[in-house]
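The following exercises concern helix geometry, helix packing and strand pairing. Each task is followed by a worked solution.

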Amino acid sequence: MQFSLEQDSRAQVPMEFILIMGFTFVVSLVFLFPVGEQNELNIALASARTGAIEGANMDSFALYPEETFKNYTSDHSALTKPSTVRIIRIEYMNHGMNPSYQKEKIQIRVYASAPSVRTPGERNCLGDRINYHVRMSISQNFKTENLTNKVYNPAFSPRYVFTTGDVSWV
Amino acid sequence: MNSVSCIINCGGSVSVDFILSTMVFLMVLTSLAALVEDRMDSAKDAEELGTGRMMVEYVAETVDSVYSGGNGHSAVITLPPSINGDPYTITLMSGAVFMDVHGLRGQATMFPGAISGNEFKMYSSRSYNISNIQKSENYSEIVVKEIK
């Protein structure tokens, strides 16, 4: 099964080659849509993981945007000190087609651990930061920042719309 | 299917297996490239956060050691030119050191001793002398001066 110029002095390709390429093209077309859909979801979830780690790092090192830092200094001073925040796992749930956006809705839930942060209010702040970075990472990866709002809620990809559930602390 | 030795034959043609495998390889590579780039950016951000935290803790620790060393104790500190290529500033106040880098702010706590002038701003690539100076019998303060 070789496309050889030696066998073809009149610039023609063998019939087998044409048939194989045609068959490959048809098979590719059949699988193209589901593969593309799955690939998009994989990319989105990989971005979500990257974003969650970024958010957790920010929480761990206690370096925040200035406005947030000001709020934390007055209301949650414990968050201005470094702490251990780890991402345990990320799960997603498909909620089916969303009629408002005409896209499939995916809810992402992050499971994290922060043993040194105990109060629900402070954990809520840490979780909000993680979720913000999850949505931001997805929006930036698919370059859909202009379609969403300031807090990237919801985040969009061509086929899906992503929201985040409250972070579960384990 | 042809063997590997027949990937390119003497007539200058390339086998179908080679073309197909190259196509599949390129497709996989393309989908991985975005993910790898994303992770590399993330690692760079983490490095910046980590370096920033270490820097602010280092300054706070130096001021603490000068304060606990007593009157006349001093230390020289030289700040690196940037944190991951980004300029930064460090602000000394009584009881806390603040660092601003790339729109982010962090804080390290230190002994709540008096700082001369209440506040002192430190910039990258500069050296500073931090000393504990007795101003009166029961009052001493941390004096920071830039070394030219």
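**Exercise 1.** In this predicted model, identify the bridge partner of S74(B) in β6(B), and then describe the sheet that contains β6(B).

*Solution.* The bridge partner of S74(B) is S131(B). Next, consider the two strands: β1(B) and β6(B), the latter covering residues 127-136, run antiparallel and are joined by five bridges. The sheet as a whole is open and has three strands in the order β1-β6-β7 of chain B, with antiparallel pairing. Its edge strands, each pairing on one side only, are β1 (74-78) and β7 (139-147) of chain B. On average, neighbouring strands are turned by 25° against each other, direction ignored. Finally, α1(B) packs on this sheet, where it touches β1, β6 and β7 of chain B, and its direction makes about 35° with that of β6(B).

**Exercise 2.** Compare the expected span of helix α1 of chain A with the distance between its end C-alpha atoms, and locate its bend.

*Solution.* Helix α1(A) comprises 47 residues, 15-61; at 1.5 Å a residue it should therefore span 69 Å. The end C-alpha atoms are 64 Å apart, which agrees. A bend of about 45° occurs at L32(A), and the proline P34(A) follows within four residues. Just after the helix, A62(A) takes a positive phi of about 55°.

**Exercise 3.** Classify the packing of α1(A) and α1(B) as roughly parallel or roughly antiparallel.

*Solution.* The axes of α1(A) and α1(B), the latter spanning residues 16-69, come within 11 Å and cross at roughly 10°. Angles under 35 degrees count as roughly parallel, so α1(A) is roughly parallel to α1(B). The contact residues divide into 12 nonpolar, eight polar and five charged.

Notes: Residues are numbered from 1 along each chain as its sequence is written. Chains are lettered from A and ligands numbered from 1 in the order in which they are written. This is a predicted model: local features need pLDDT of at least 70, side-chain atom pairs count only at pLDDT 80 or more; totals for chains, interfaces and linings use all residues. The expected span of a helix is 1.5 Å times one less than its number of residues. The bend at a residue is the angle between axes fitted to the seven residues ending there and the seven starting there. Axes are lines fitted to C-alpha atoms, for helices over the stretch in contact, and angles run from 0 to 180 degrees between N-to-C directions. Angles under 35 degrees count as roughly parallel, over 145 as roughly antiparallel, 65 to 115 as roughly perpendicular and the rest as oblique. Ala, Val, Leu, Ile, Met, Phe, Trp, Tyr, Cys and Pro count as nonpolar, Asp, Glu, Lys and Arg as charged, and the others, Gly among them, as polar. Two strands pair if DSSP finds at least two bridges between them. Two residues are in contact if their C-beta atoms, placed from the backbone, lie within 7 Å.
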